[in-house]
Amino acid sequence: PNTTTTSTTARTHRTMANFARFSGLRANNARVGATVAPVHTRQPALRRGDLQIRCARVAGVEIPNQKRTEVALTYIFGIGPTTASSILDETGIDNKRVKDLSEEELTTLRNEVESYMVEGDLRRKVAMDIKRLKDIGCYRGRRHIAGLPMRGQNTKNNARTRKGKSAPIAGKKK
């Protein structure tokens, strides 16, 4: 009977020691009388009716608010850095963060981007071009069908991007 009492007591002392150790700084500061500053400050919760703009939509794509306009425009398929800078030059919009753009500037940007072939239209055009090459049976079309590079690259050693993962060849030693 004595052994179970001592083991239970020892177990209780151990758990109390663990609690004291893990309660840590907060318990020590409470004893001293200092207040503990919160680690994370929480923003007030938004109510259902509050309007919150997370991203601006241009050409059906949500471009990020935190990035500068020139970089944010490159998130649209078909617009690279050069096209993005030329769009900003043509519209006269400064290269500031997207969240700082006014509604008029966003409207001007949307209208200018509409004059370019981007997103779905461009993807459809590229797919149709590849399909045409396959249908007429030209060299590039046959390479597309075979899944091999079509611009003259060597395929003896590399070309893994187009060929895919290498399959082991049975009976090949060296």
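From the N terminus on, the elements of this chain follow the order α-β-β-α-α-α-α-α-α, amounting to 7 helices and 2 strands (DSSP runs of H or I with at least four residues, or of E with at least two, numbered from the N terminus). The model is predicted, so local features need pLDDT of at least 70 and side-chain atom pairs count only at pLDDT 80 or more, while totals for chains, interfaces and linings use all residues. Residues are numbered from 1 along each chain as its sequence is written, and side-chain values use heavy atoms, with hydrogens and water left out.

**Whole chain**
- Of the 174 residues in the chain, 20% are buried (under 20% relative accessible area with a 1.4 Å probe, protein chains only; exposed is over 50%, partly exposed in between).
- Among contacts (heavy atoms within 4.5 Å) between residues at least 6 apart in sequence, 41% join residues at least 24 apart.

**Positive surface patch**
- Lys 67, Arg 68, Arg 97 and Lys 99 gather on the surface in a patch of positive charge, a patch being made of residues with over 30% relative accessible area and no salt bridge, where like charges are joined within 9 Å and nonpolar side chains (Val, Leu, Ile, Met, Phe, Trp, Tyr) within 5 Å.
- Arg 97 lies in the loop between helix H3 (81-91) and helix H4 (103-114), and Arg 97 is partly exposed, with a relative accessible area of 33%.

**Glu 112**
- Glu 112, found in helix H4, is buried yet has no salt bridge (a side-chain nitrogen of Lys or Arg within 4 Å of a carboxyl oxygen of Asp or Glu).
- The nearest side chain of opposite charge to Glu 112 is Arg 110, 13 Å away.
- Not counting residues up to four places away in sequence, Glu 112 touches Ile 87, Glu 90 and Thr 91.

Note on methods: Accessible areas come from the Shrake-Rupley method with a 1.4 Å probe; for residues, only the protein chains shown count as cover. Lys and Arg count as positive and Asp and Glu as negative; His and the chain ends are not counted. The place of a charge is taken as NZ of Lys, CZ of Arg, CG of Asp or CD of Glu.
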